[in-house]
Amino acid sequence: MRKKIISIGIITAVILIVVAFASQSNDSEVKQEEMPILVEADVIMPTKVSRPGCEETDSCYIPSKINAKKGQTVTWKNEDVAFHSVTSGIYGEPTTLFDSGHLDPEQKFSYTFDEEGSFDYFCTLHPWMAGKVTVQ
Ligand SMILES: [Cu+2]
């Protein structure tokens, strides 16, 4: 009788371990499926652009000038450790077309250009940061 109880105990323990492992692997599969599809950024805000200097090499936004087709969505990514923005217009004269607000590090902002034209943009926090999107 005691042997039977012990063997039932062992079998139960083995089943519990197997179930635990199985549910763990299920969890990781779910996590992989839930991972967002990586959208490549068209323009990045690199590190250290929160201090002046990047404007000398036109590298506050990389690339600072890009071409887009009408209807195309352009995505910016803040790869710096400081806040930045992507705001239409030029410093001191923003336009109402788009404004990302303050972007956290690693945060992205996207805007779809439905009109042809040349669109300047800048960072509201750093006057030297400027870029341009030309839509054709
Ligand atoms: Cu900035």
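Here is a short conversation about the predicted model shown above.

Visitor: Which elements does the chain have, and how many of each?
Guide: Residues are numbered from 1 along each chain as its sequence is written. In this predicted model, local features need pLDDT of at least 70 and side-chain atom pairs count only at pLDDT 80 or more, while totals for chains, interfaces and linings use all residues. Elements are DSSP runs numbered from the N terminus: helices are H or I with at least four residues, strands are E with at least two. The count is 1 helix and 8 strands.

Visitor: In what order do the 3 strands of the open sheet lie?
Guide: Strands pair if DSSP finds at least two bridges between them. Strand S1 (43-45) and strand S6 (108-112) are the edge strands, each pairing on one side only. The pairing is mixed, and the order is S1-S3-S6.

Visitor: Which residue in S3 is the bridge partner of Met45?
Guide: S1 and strand S3 (residues 73-78) pair in the parallel sense over 3 bridges. The partner of Met45 in S3 is Asn78.

Visitor: Which element gives the most to the largest nonpolar core?
Guide: Such a core joins buried Ala, Val, Leu, Ile, Met, Phe, Trp, Tyr and Cys residues through C-beta atoms within 7 Å; buried means that 20 or more other C-beta atoms lie within 10 Å of the residue's own, with C-beta atoms placed from the backbone. This core has 19 residues, and Phe109 and Tyr121 are among those with the most contacts inside it. S3, S6, strand S7 (117-122) and strand S8 (130-135) each give two or more residues. With 3 residues, the element that gives the most is S7.

Key:
Buried ≥ 20, exposed ≤ 12 C-beta atoms within 10 Å, placed from the backbone.
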